[in-house]
Structures are given as structure tokens and as C-alpha cells.
Amino acid sequence: MSVPRSNRPSFGALIYFTLAFALGIYFTFAAVQGDYGLFRRVEIAAEAEALRTDLDRLNAEVERMDNLTRRLSDTYLDLDLLDEQARNVLGLLRADEIVIR
């Protein structure tokens with residue numbers, strides 16, 4: 001006597017494929033949205049570019065300040081810069097100038 005077989009998959013196979021599908025969805029979501037996912041990588045790249053821009057701006061500012069410092073040093077004195085700094089910082093004027101406020 002033969003046992004009739006149904007064409008329906010067994011309950012264990014259904015659980016196995018459901019679990020495999022759920023894990024696939026989870027890992028796909030983690031690869032896109034997770035801490036090390038694609039979106040985070042794009043955010044890090046944008047932040048790195050912004051930081052490079054800030055670094056370039058700060059390097060230019062440092063170069064400008066180095067130039068001003070060199071121009072006011074003992075070995076090289078720029079009289080125009082000294083005059084400008086005396087006016088701005090100390091509020092000094094020449095004897096032949098009139099100030100209108």
C-alpha cells in the first residue's frame with residue numbers, strides 16, 4: 001500500500017524560506033540604512049568635503065596672518081601696515097588729520 005503524497009510544501013520548508021526572506025530583507029535594509037550603510041557613506045563623504053573646504057579656508061587665514069606677522073617683524077617693517085594698525089587698534093592720528101564722527 002502506498003501513502004498518498006500532496007504537492008503542498010511541508011510546514012518546515014515554509015518556515016525556512018520565510019526566515020531566509022526575513023533575514024535577506026534585514027541585511028538589505030542594514031546595508032542601505034545602517035550605521036555603515038550606503039546613506040551613511042554619502043553623509044560621511046559630504047561631511048569630509050565640508051571639512052576640506054573649512055581646512056582650505058583656515059589655511060588661507062593662517063597664511064594671511066603669517067604674512068601680516070612677517071610684515072610687522074623686526075627684520076621687515078611695512079610702514080603702511082604699521083600705520084594702518086596704529087589707526088585701527090590704537091586709534092592714533094597724524095597731526096595734520098581731522099576726524100569727523
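Visitor: At what relative accessibility does Arg87 count as partly exposed?
Guide: In this predicted model, a residue is called partly exposed when its relative accessible area falls between the buried limit of under 20% and the exposed limit of over 50%. Arg87 belongs to that middle class, because its relative accessibility is 26%.

Visitor: Which residue forms a salt bridge with Arg87?
Guide: The partner lies in helix α3 together with Arg87, 4 residues apart from it, which is about one turn of the helix. The partner is also partly exposed, with a relative accessible area of 31%. The closest N and O atoms of the pair are 3.0 Å apart, and the residue that Arg87 meets in this way is Asp83.

Visitor: How far apart in space are Gln85 and Asp74, C-alpha to C-alpha?
Guide: Gln85 has its place in helix α3, which covers residues 79–90, and with a relative accessible area of 27% Gln85 is partly exposed. Along the sequence Gln85 and Asp74 are 11 residues apart, while in space the separation from C-alpha to C-alpha is 16 Å.

Visitor: Is Asp78, the salt-bridge partner of Arg71, buried or exposed?
Guide: Arg71 and Asp78 form a salt bridge in which the closest N and O atoms are 2.7 Å apart. Arg71 itself is partly exposed, with a relative accessible area of 22%. For Asp78 the relative accessible area is 17%, and because buried means under 20%, Asp78 counts as buried.

Visitor: What separates Glu61 and Arg64 in helix α2?
Guide: The side chains of Glu61 and Arg64 meet in a salt bridge, with 3.0 Å from N to O. Glu61 is partly exposed at 35% relative accessibility, and Arg64 is also partly exposed, at 42%. Because the two residues are 3 residues apart in helix α2, which covers residues 38–71, their separation is about one helical turn.

Visitor: How many salt bridges does the structure hold?
Guide: Among them are the pair of Glu61 and Arg64, the pair of Arg71 and Asp78, and the pair of Arg87 and Asp83. For the whole structure, the number of salt bridges is 5.

Visitor: How much accessible area does the nonpolar patch of Leu19, Leu23, Tyr26 and Phe27 have together?
Guide: One member of the patch, Tyr26, has its place in helix α1, which covers residues 11–33. Tyr26 is exposed, because its relative accessible area is 52% and the limit for that class is over 50%. Taken together, Leu19, Leu23, Tyr26 and Phe27 form a nonpolar surface patch with an accessible area of about 450 Å².

Visitor: Why is the protein described as more spread out than a compact globule?
Guide: The secondary structure comes to 3 helices and 0 strands, and from the N terminus on the elements run α-α-α. For 101 residues the globule rule gives 13 Å, and the protein is more spread out than a compact globule because this value is well exceeded by its radius of gyration of 36 Å.

Visitor: What does the C-alpha trace of the protein span along its principal axes?
Guide: Of the 101 residues, 4% count as buried, and the protein exposes about 9,800 Å², with carbon and sulfur atoms supplying 62% of that area. Along the principal axes, the span of the C-alpha trace is about 125 × 35 × 15 Å.

Visitor: How far apart do the centres of the positive and negative side chains lie?
Guide: The protein has 12 positive and 16 negative side chains. Each set has its own centre, and the distance between the two centres is 14 Å.

Conventions: Residues numbered from 1 in each chain as written. Predicted model: local features only at pLDDT ≥ 70, side-chain atom pairs only at ≥ 80, totals over all residues. Heavy atoms only, no water. Patch = residues over 30% accessible without salt bridge, like charges linked within 9 Å, V, L, I, M, F, W, Y side chains within 5 Å. Areas by Shrake-Rupley, 256 points an atom, 1.4 Å probe, with all protein chains shown as cover. Salt bridge = Lys/Arg side-chain N within 4 Å of Asp/Glu carboxyl O. Buried < 20%, exposed > 50% of the residue type's maximum accessible area, 1.4 Å probe, protein only. Rg over C-alpha atoms; globule rule 2.2 N^0.38 Å. Lys, Arg positive; Asp, Glu negative; His and termini not counted. Charge placed at Lys NZ, Arg CZ, Asp CG, Glu CD.
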